[in-house]
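Student: Could you take me closely through one part of this model, its nonpolar core, and set that part in the context of the whole chain?

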Amino acid sequence: MEHSTEFQQHVLERLAQTRPRQLCEKDTLREMYESCREVQLFRVGNMALPAEDMSHLEQLHRVFDVALDNNLVFFMTHFVDEVILDELAVSSDDAVAEMLDG
């Protein structure tokens with residue numbers, strides 16, 4: 001895949017439109033992480049490992065880095081509001097529970 005600004009912008013638009021709670025779904029998170037990796041949105045010097053080589057929480061942190069690096073601060077604040085501060089958000093899946101706890 002070509003790594004042009006157009007492709008990067010498309011991935012950033014998808015990230016901006018993603019509901020924060022959706023990132024707690026493993027498949028959605030993996031897809032978003034891999035999309036960011038494919039168009040090289042991760043910080044220079046950060047090794048972009050395939051999603052299967054990283055924990056879900058590590059993937060989430062990398063996606064957060066992309067959001068912050070690209071001025072999507074509202075995405076972060078919405079994640080805190082909708083996921084971390086939601087006392088009713090629970091999961092029996094350890095990985096999802098860890099993401100919900102922040």
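Tutor: A contact here means heavy atoms within 4.5 Å. With that cut-off, and bearing in mind that this is a predicted model, one can say that among contacts in the protein chain between residues at least 6 apart in sequence, 57% join residues at least 24 apart. The chain that makes these contacts has five helices and zero strands, so that its pattern, read along the sequence, is written α-α-α-α-α. Of its 102 residues, 38% count as buried, while the accessible surface comes to about 6,200 Å², with 49% of that area belonging to carbon and sulfur atoms.

Turning to the core itself, the largest nonpolar core contains 24 residues, and L15 and F75 are those with the most contacts inside it. At least two residues of this core come from each of α1 (5–17), α2 (26–38), α3 (56–69) and α4 (73–84), and α3 gives the most, with six residues. If residues up to four places away in sequence are not counted, L15 touches M32, V63, V66, A67, L72 and F75, so the two residues with the most contacts inside the core, L15 and F75, are also in contact with each other by the 4.5 Å criterion.

For a contrasting position, consider R19, which lies in the loop between α1 and α2. R19 counts as partly exposed because its relative accessibility is 48%, a value that falls between the 20% limit for buried and the 50% limit for exposed. R19 and E82 are separated by 63 residues in sequence, yet their C-alpha atoms are 8.8 Å apart in space.

Definitions and conventions: Residues numbered from 1 in each chain as written. Predicted model: local features only at pLDDT ≥ 70, side-chain atom pairs only at ≥ 80, totals over all residues. Heavy atoms only, no water. Core = buried A, V, L, I, M, F, W, Y, C linked by side-chain atoms within 4.5 Å. Buried < 20%, exposed > 50% of the residue type's maximum accessible area, 1.4 Å probe, protein only. Helix = DSSP H or I, 4+ residues; strand = E, 2+ residues; numbered from the N terminus. Areas by Shrake-Rupley, 256 points an atom, 1.4 Å probe, with all protein chains shown as cover.
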